[in-house]
4 protein chains.
Amino acid sequence: MTKSSDELIRGTAAAPRNASKLTRNKLTRAERNELTRQNLFAAARKVVGRFGYAEASVARITAEAGVAQGTFYNYFVTRQELLDQLLPEIGKDMLRFIHERTRYRVSEAERENDRFRAFFEYLKEVPELMRILNEAELFAPAAYRQHVEAMATSYARLLRRGRAKGEVQPFTDDEMEVMVHMLLGARGYLSQRYAFADGSVTQIPEHVISSYAKLLSGGLFRREPETAQETAVDKKGRRP
Amino acid sequence: MTKSSDELIRGTAAAPRNASKLTRNKLTRAERNELTRQNLFAAARKVVGRFGYAEASVARITAEAGVAQGTFYNYFVTRQELLDQLLPEIGKDMLRFIHERTRYRVSEAERENDRFRAFFEYLKEVPELMRILNEAELFAPAAYRQHVEAMATSYARLLRRGRAKGEVQPFTDDEMEVMVHMLLGARGYLSQRYAFADGSVTQIPEHVISSYAKLLSGGLFRREPETAQETAVDKKGRRP
Amino acid sequence: MTKSSDELIRGTAAAPRNASKLTRNKLTRAERNELTRQNLFAAARKVVGRFGYAEASVARITAEAGVAQGTFYNYFVTRQELLDQLLPEIGKDMLRFIHERTRYRVSEAERENDRFRAFFEYLKEVPELMRILNEAELFAPAAYRQHVEAMATSYARLLRRGRAKGEVQPFTDDEMEVMVHMLLGARGYLSQRYAFADGSVTQIPEHVISSYAKLLSGGLFRREPETAQETAVDKKGRRP
Amino acid sequence: MTKSSDELIRGTAAAPRNASKLTRNKLTRAERNELTRQNLFAAARKVVGRFGYAEASVARITAEAGVAQGTFYNYFVTRQELLDQLLPEIGKDMLRFIHERTRYRVSEAERENDRFRAFFEYLKEVPELMRILNEAELFAPAAYRQHVEAMATSYARLLRRGRAKGEVQPFTDDEMEVMVHMLLGARGYLSQRYAFADGSVTQIPEHVISSYAKLLSGGLFRREPETAQETAVDKKGRRP
DNA sequence: AATGAATGAGACTTCATTCAT
DNA sequence: CATGAATGAAGTCTCATTCAT
């Protein structure tokens, strides 16, 4: 039995595999086959993560995987086919990851905060996601649309649930959809700006997380503008 | 004197050009030179807008411009050099456009609304921006970073001004910067989702604009969750 | 004992095969071996017949035969080796078929007519021959030359026999050889033009057969040109 | 002014070209362009003539022409496009050649003989035609069909004219068409068998020409079989 | 024997860039 | 300056053949 794909993605496999196999140090054909496929997958993820889709030539991927170019086409009909599977593969893993890190029995706002945090944690574990998420729209458009759709749908369901509980503003479903896309867009931009530097993923600053929470809980503008004196920051934007 | 670049971009030049030139129907060498450059620029914008950066080959651009391929290299050292100038060119024009459409003597929230609206209006006038904005991060990264930086800076200044007036929540400057990026990200995603279909720009729905306004003015979550009965929408998300 | 190859080609095997084998439903190793070889053969014939030699890749042939690619090389040293055997296999069967359909105790001219007809009948039964005959010169040149040689030799013998009987013009042996090649060439062209459409074999029109007979019995030109009025067709080539 | 294409094919250009150009030893762009095209054409003809269409890779053709591979695509959209033009180019030249060598004021039979002879003479001058004619059906099917069509049409016209003069048997038009294809097929086979050896074109033997004439003038079979004694050859096919 | 994954040479094609005219 | 032909590196993909299981 081989590792599940998400174990492979995040490298979290723990249990020892079939002992007899290990002792014999031999794999069945099907296992070897699956191994090579995963190998190519991992290589592609790495290459795309490092150089982007455009530079992810079959030559590079197979070199990274340590197999001949022709081998690639034993597993994927076209280069595009592999590229198209990259985002779904990781996307599903990411959703699972985020879901696991989301506390229950807390307010919707806190749960959204959990999700936001978990996203950036996942990004640290699978930094390739950064580029893949950014570039998939252009280089794997079908997969991208599906991914966004899936994200948005599941997100919207959560928000509607919160609305039913009275924790989310009473937006219509259409408005809810818009909210979802704004949140996704915001998160995406923030990841580019605050969790990425010189080609590698960095820790997201705390104030980004709290800012996100503030926007969501109270918006950007004050309802009834008060006098400037009351504001909690001075003109330089520092807390007194 | 030739048209200013933004007049060229939006085609809004009104006044007749230098009459003496027209009568003589001759241009100085420098003018002809500038004309060709603008020509290539416009062609590149059109091609990138229609097919994306990846398909914007020098052959295509020069064909669109009606000049020989070699001519291209009399004006730009490399293909990339032109591509790098595309976003700045349009970006500046866009900022000017948005600024013109932003009312004074209204609340900050309303002005932000103006800006949001103006952005989508500009998009309708210069649909090429859509693709350029989306793809520049990948194909003209330096230009993209500069553009985002410029946008963010000017945006942040406006928000700080609003904060000083007490109309914006009392965020720190760092938080303000985060806000700016969230707004930009949200707007970007919304434009892709709601103002773009089958390769051409469409009118942004009103409810998207109002949703944006709502997020900014009150956030997504209720401060103190009330009972579900009070919510203004039924379980299907419709206004009763 | 397995089917003879021509029975396999035309699928005319009638008698039940070795009963004891069927009851035991087991085959000796040699028999299984031969079966697989015939299987590959039949697959190759089908594939070449449908797609031509160029498209008859080992992958396609083995897929059609339902065996693994590697199996192919247990029976044939190279792909070419199998392709080289295709035409001889069918060629021999064709000659046998034509011979069977040729009446005895008739004039040589009539017998040639029989052969001509039989050729087209065979073509209908084994349509793959069409492509194989056409393409073998290119893709299996050795086999092709041998085939033509065999055809010509047997053909020439028949014609010489007719000459001995006084039914064939008194050509020299060299001339006879030339005649044979002309007849073969004519027949080949006619099959392409009149018995083949859209990749499948069609019935040869009667007037083609009669025209062939006319050329052979009286030539194309009149010995002593008469006046145009006497001709049996009008200027439009219709019988009055 | 450049050589006409058929002069290039057969290399029979006689008159000196534009003297001023020669003195300056410079060519205009258009001339150079045309030169390169002809160069590629000639290279392709040579390569196909020597190795066949299947081996006529762009790499080989451009190597033969002494230009870079990329240059090829400045002149032809695809490899196939050039291959498709090979037969028409030569075919037209051949028809012209044959027509020039056909005497007037002689019987139709003699003129057909002229054409037959001329075909083989042309083959000696342009030996590449051999392979091109043989392989075009497979590798340039559209061009091949057009060529055969053109040949057959012009041929049929000649035969109908002969029929009107009473020199050709009174066949119907349909029969005439069949005759044409038989003649073309016969000629094709004969060229392969008697004018080709070890990859190069050889002189066609006289007895082949006379045999062709005999078939056309009197057919293969005797009308009324006489006694064997009368035949002009002995049993070994030799003239006594 | 049967299997089928692995191999790698080689095919076609694209395109940014150069350079002589 | 403008031109446009020439260049050649690089990319995707195919397929006959090998070989360990």
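In the predicted model, V58(B) approaches the backbone of DNA strand E through its own main chain: one of its backbone N or O atoms lies 2.9 Å from a phosphate oxygen of the strand. A phosphate oxygen of DNA strand E is also approached by Y75(C), here through a polar side-chain atom at 3.1 Å. G70(C), in turn, places a backbone N or O atom 2.9 Å from a base nitrogen of DNA strand E. Elements giving two or more residues to the surface near this strand are helix 3 (29–51) and helix 5 (69–75) in chain A, helix 5 (69–75) in chain B, helix 3 (29–51) and helix 5 (69–75) in chain C, and helix 5 (69–75) in chain D. The most is given by helix 5 of chain C, with 5 residues.

Around DNA strand E there are 32 residues, of which R29(A), Y75(A), G70(C), Y73(D) and R79(D) come nearest. On the DNA side, 66% of the atoms of strand E that come within 4 Å of the protein belong to sugar and phosphate. On the protein side, the surface near DNA strand E comprises 17 polar, 10 nonpolar and 5 charged residues.

The arrangement of chains A and B was also examined. A turn of 178° with a shift of 0.1 Å along the axis lays chain B on chain A, with an RMSD of 0.4 Å. This relation is that of a two-fold axis. Within chain B, the residue closest to the rotation axis is G219(B), whose C-alpha is at 1.8 Å. Because 100% of the interface residues of chain B are also interface residues in chain A, the copies meet through the same surface.

Conventions: Residues are numbered from 1 along each chain as its sequence is written. Chains are lettered from A and ligands numbered from 1 in the order in which they are written. This is a predicted model: local features need pLDDT of at least 70, side-chain atom pairs count only at pLDDT 80 or more; totals for chains, interfaces and linings use all residues. Side-chain values use heavy atoms; hydrogens and water are left out. A residue is near a molecule or strand if one of its heavy atoms lies within 4 Å of it. A polar contact is a pair of N or O atoms within 3.5 Å; within protein, one must be able to donate a hydrogen and the other to accept it, and residues adjacent in sequence count only if both atoms are side-chain atoms. Helices (H or I, at least four residues) and strands (E, at least two) are DSSP runs, numbered from the N terminus. Ala, Val, Leu, Ile, Met, Phe, Trp, Tyr, Cys and Pro count as nonpolar, Asp, Glu, Lys and Arg as charged, and the others, Gly among them, as polar. Copies are superposed by least squares on the C-alpha atoms of residues with pLDDT of at least 70 in both. Contact means heavy atoms within 4.5 Å.
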